[in-house]
Amino acid sequence: MILILSLLIINILCIKKDGLGKLEGKNNKRNEKCKIPSVQKEIAKIVNKLNTTWKAVEYNRDYKPLLGAIREDPQVLPKKEFNSLNINLPEEYDLRIVYPICESLKEIRDQANCGSCWAFGAVEAMSDRVCIYSNQTDQRRVSAQNLITCCTTCGYGCDGGYPAEAWGYWRGYGLPTGGLNGDKNTCQPYFLPPCDHHVSGSYGPCPETVDTPDCKKDCKDGNDVDYKSDLIKAKSAYSVFGEENIRQEIYESGPVEASFDVYEDFLTYKSGVYHHVTGNYVGGHAIKILGWGVENSVKYWLCANSWNNEWGDNGFFKILRGNNECNIEEVVYAGIPKL
């Protein structure tokens, strides 16, 4: 009852949010006070009290900059056709175990206070596939920085973008290397350091506002690498539909990028198999799927988030598989690197 009343109050005081989690309406000054609704405490309590398939913790930061995946026409990229499905796929599959030398598979990046999840989900999966297709010899990371700033068809940089366009851009133009903030061994590392955008942690506060940097077609100062020769290119980019096809794709080729609908309770996720329990819709989010499994008889997708390793299960999470939970199985995107 307390949760229901709290949600009603929030709905009265706050305005509806669009797919990017941005505030709409005339009285934006008052609405800014709704960035961190007190109902989050009640959401965490109600999830844990229900003893459902996952555990929650209190979320006490602004969630708007964490989202940014915009729904798009699923036909932007060609649909991959599977001649036949492997009906003997394992019940549990974790690419971190299958390819133990690929460090990118174990890495959790941080988009910080930039709505660039659409780019991070893409470049993380791209980096993994570069390693997988090189027989675990190529450990290069693909640059989120370059994708966010230079892909004009991808959307709005830190204000959101289209996952499919990210893969199409990789196929069409290539992307340079780029690791975490401060990485001196890559051409264009990320411009923002990790920050505490979800809980009080060890990184320090995030900047209040973040503007998308300008596109640069060269490597950072002090890096002698030639930009054009540094580009990592793709020979294909495509879409995949449905649970079994997605499993087949991950098994055969590596991680994929998926987007899904985020509700307030997802922000409180700590462990277990997430499914939507309560709370308002707050926006679209993109992530990387790198496996699947079954926990306590509940099927799940294994996913990597881009909210640093202090969120969720060391930066990873599991989400219900098999019923298109929060539209996560609607369509995923992938491609094959040109090595």
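This report covers confidence, disulfides, helix packing and two buried residues in a predicted model.

## Confidence

The model is predicted. The protein chain has a mean pLDDT of 87. Of its residues, 87% reach 70 or more.

One stretch needs care in reading. Over residues 1–37, pLDDT stays under 50. The model has 67 contacts for this stretch beyond four places in sequence.

## Disulfides: Cys-150 to Cys-215

The count of disulfides comes to six. One of them joins Cys-150 to Cys-215, with an S to S distance of 2.0 Å. The torsion about this S-S bond is about 95°, so the disulfide is right-handed. Cys-150 lies in helix H6, residues 144–150. Cys-215 sits in the loop between helix H7 (163–173) and helix H8 (227–230). The pair therefore ties together parts that are 65 residues apart in sequence.

The two ends are not equally covered. Cys-150 counts as buried because its relative accessibility is 8%, under the 20% cut-off. Cys-215 has 35% relative accessibility, so it counts as partly exposed.

## Disulfides: two further pairs

Cys-151 and Cys-154 form another disulfide, with sulfur atoms 2.0 Å apart. The angle about its S-S bond is 75°, and the link is right-handed. Cys-151 and Cys-154 are both buried.

Cys-187 is joined to Cys-219, S to S 2.1 Å. Here the angle about the S-S bond is -100°, and the link is left-handed. Cys-187 and Cys-219 both lie in the loop between H7 and H8. They are 32 residues apart, and the pair links distant parts of the chain. Cys-187 has a relative accessibility of 1%, so it counts as buried. Cys-219 is also buried, with a relative accessible area of 11%.

## A cysteine outside the disulfides

What is the nearest cysteine sulfur to Cys-117? It is that of Cys-114, 9.2 Å away. Cys-117 is in no disulfide. A disulfide needs sulfur atoms within 2.5 Å. Cys-117 has 0% relative accessibility and therefore counts as buried.

## Helix H7 and its cover

H7 has a run of buried residues to look at. They are Pro-163, Ala-164, Ala-166, Trp-167, Gly-168, Tyr-169 and Trp-170. Both helices and strands cover them. The helices include H5 (117–133) and H6. The strands include E3 (233–240), E4 (256–263), E6 (281–295) and E9 (332–338). After H7 comes Gly-174, whose phi is positive, near 80°.

How do H5 and H7 cross? Their axes come within 8 Å and cross at roughly 45°. That angle makes H5 oblique to H7. The crossing is right-handed. On the H5 side, the contact is made by Trp-118, Ala-122, Ala-125 and Met-126. On the H7 side, it is made by Pro-163, Ala-166, Trp-167 and Trp-170. An α-helix has 3.6 residues a turn, so residues three or four places apart point the same way. Pro-163, Ala-166, Trp-167 and Trp-170 also belong to the buried residues of H7.

## Tyr-274

Tyr-274 is in strand E5, residues 269–274. Is Tyr-274 buried or exposed? It is buried, with a relative accessible area of 0%. Its C-alpha is 8.3 Å from that of Lys-55, although Tyr-274 and Lys-55 are 219 residues apart in sequence.

Residues up to four places away in sequence are left out of the following contacts. Tyr-274 touches Trp-54, Tyr-263, Asp-265, Phe-266 and Tyr-269. Tyr-274 also touches Lys-318, Ile-319, Leu-320 and Cys-326. Of these partners, Cys-326 has 10% relative accessibility and so counts as buried.

## Glu-249

Glu-249 is found in helix H9, residues 243–253. Glu-249 is buried, with a relative accessible area of 0%.

Which residues does Glu-249 touch, not counting those up to four places away in sequence? They are Lys-80, Phe-82, Arg-129, Tyr-238, Val-240, Gly-254, Val-256 and Ala-334. Among them, Arg-129 falls within H5 (117–133), Tyr-238 within E3 (233–240), Val-256 within E4 (256–263) and Ala-334 within E9 (332–338). H5, E3, E4 and E9 are also among the elements that cover the buried residues of H7.

Note on methods: Residues numbered from 1 in each chain as written. Predicted model: local features only at pLDDT ≥ 70, side-chain atom pairs only at ≥ 80, totals over all residues. Heavy atoms only, no water. pLDDT = per-residue confidence, 0-100. Contact = heavy atoms within 4.5 Å. Helix = DSSP H or I, 4+ residues; strand = E, 2+ residues; numbered from the N terminus. Buried < 20%, exposed > 50% of the residue type's maximum accessible area, 1.4 Å probe, protein only. Axes fitted to C-alpha atoms, helices over the stretch in contact; angles between N-to-C directions. Parallel < 35°, antiparallel > 145°, perpendicular 65-115°, else oblique. Left-handed = near helix turned anticlockwise from the far one by under 90°.
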